[in-house]
Amino acid sequence: MNTLIVYYSLTGTTRTVATALARKLGADVEELQCDRYSSNWRGMLRAGYDSWRNDLPTLGRFRHDPSNYNLVVIGGPIWTYRPCTPLRAYLRQERTRLPQAAFFLTHGGSAAQRSLGEVEKLSRHAPVATMVLREADVKGDRYSTALDSFADSLRLPESKAAA
């Protein structure tokens with residue numbers, strides 16, 4: 001099964017997870033580019049304000065076409081109790097071109113299930129699998145068991161297709 005991992009990361013937490021997952025799955029990776037936000041206090045304030053207002057940014061050009069893959073794994077952080085705006089912008093723009101999808105989110109401590117529900121609704125796809133990781137667990141390198149379990153669940157459709 002060919003897999004694409006699409007993610008947005010402002011501070012590097014989600015990037016750490018996406019990179020580790022790509023190694024486990026042998027997947028291609030697409031990091032969403034968004035010049036509107038930066039990791040300084042102004043950029044983060046703008047990110048939170050845009051998330052709260054549902055102002056979606058313009059994204060940079062994509063290198064990978066999601067319709068060329070069997071599975072697209074989409075990830076990003078949670079901002080102001082919602083999936084980050086670049087992730088929402090990607091889903092609105094690409095949802096008709098997504099094959100099977102899986103989702104992962106990183107967060108500082110709140111709104112995980114609500115945010116997963118919003119991602120599913122925006123994508124118009126029931127996910128193959130989902131994963132939510134706390135930022136502290138990623139930075140403390142305490143997420144390998146959850147990542148292994150998530151990666152294993154993503155391999156299940158491949159084994160079902162072979163059967």
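Analyst: A helix here is a DSSP run of H or I that is at least four residues long, and helices are numbered from the N terminus. The model is predicted. By that definition, residues 41–53 form helix H2, and Ser 51 lies in this helix. H2 is followed by Asn 54, whose phi is positive, near 65°.

User: How do you know that the span of H2 agrees with that of a helix of 13 residues?

Analyst: The expected span is 1.5 Å times one less than the number of residues. For the 13 residues of H2 this gives 18 Å, and the end C-alpha atoms lie 18 Å apart, so the two values agree.

User: What is found at the start of H2, around Asn 40?

Analyst: A side-chain oxygen of Asn 40 comes to within 3.1 Å of the backbone nitrogen of Arg 42.

User: Why is Ser 51 called buried or exposed?

Analyst: A residue is buried if its relative accessible area is under 20%. Ser 51 has a relative accessibility of 0%, and therefore it counts as buried.

User: Which residues does Ser 51 touch, leaving out those up to four places away in sequence?

Analyst: The residues touched by Ser 51 are Trp 79, Thr 80, Arg 82, Pro 83, Thr 85 and Arg 88.

User: What makes the pair of Ser 51 and Thr 80 a polar contact?

Analyst: The N or O atoms of such a pair must lie within 3.5 Å, one able to donate a hydrogen and the other to accept it. The side chains of Ser 51 and Thr 80 make this contact at 2.8 Å.

User: How do you know where the buried residues of H2 lie around its axis?

Analyst: The buried residues of H2 are Gly 43, Ala 47, Gly 48, Asp 50 and Ser 51. Seen down the axis of H2, they fall within an arc of 165°, and so they line one face of the helix. On the other side, Trp 41, Arg 42, Leu 45 and Trp 52 are exposed. The cover over the buried residues of H2 includes strand S3 (71–79), strand S4 (82–83) and helix H3 (85–94).

User: Why does Thr 80 count as it does in accessibility?

Analyst: Partly exposed lies between the limits of 20% and 50%. Thr 80 is at 35% relative accessibility, and therefore it counts as partly exposed. Thr 80 lies in the loop between S3 and S4, and its phi is near 45°, a positive value in a residue other than glycine. Tyr 81 is found in the loop between S3 and S4 as well, with a positive phi near 70°.

User: Why is there no bond between the sulfur of Cys 34 and the closest cysteine sulfur?

Analyst: A disulfide requires two cysteine sulfur atoms within 2.5 Å. The closest cysteine sulfur to that of Cys 34 is in Cys 84, at 8.8 Å, which is too far for a bond. Cys 84 is likewise in no disulfide, as the nearest cysteine sulfur, in Cys 34, is 8.8 Å away. The count of disulfides is therefore zero. Cys 34, at 7% relative accessibility, counts as buried, and so does Cys 84, at 0%.

User: What makes strand S5 mostly covered?

Analyst: Strand S5 (residues 100–107) has eight residues, and seven of them are buried.

User: How do you know that S3 and S5 pair?

Analyst: Two strands pair if DSSP finds at least two bridges between them. S3 and S5 have seven bridges and pair in the parallel sense; in one of them, the partner of Ile 74 is Phe 103 in S5. S5 also pairs in the parallel sense with strand S6 (residues 130–134), over five bridges. The bridge partner of Leu 105 in S6 is Val 132.

User: Why is Thr 16 called buried, partly exposed or exposed?

Analyst: The limits for partly exposed are again 20% and 50%. Thr 16 has a relative accessibility of 36%, and so it counts as partly exposed. Thr 16 is found in helix H1 (residues 13–25). A polar atom of its side chain lies 3.0 Å from the backbone oxygen of Gly 12.

User: Which residues does Thr 16 touch, leaving out those up to four places away in sequence?

Analyst: Thr 16 touches Val 138 and Tyr 143. The C-alpha atoms of Thr 16 and Val 138 are separated by 7.7 Å, although these residues are 122 residues apart along the chain.

Technical notes. Residues numbered from 1 in each chain as written. Predicted model: local features only at pLDDT ≥ 70, side-chain atom pairs only at ≥ 80, totals over all residues. Heavy atoms only, no water. Helix = DSSP H or I, 4+ residues; strand = E, 2+ residues; numbered from the N terminus. Buried < 20%, exposed > 50% of the residue type's maximum accessible area, 1.4 Å probe, protein only. Contact = heavy atoms within 4.5 Å. Arc of directions from axis to C-beta.
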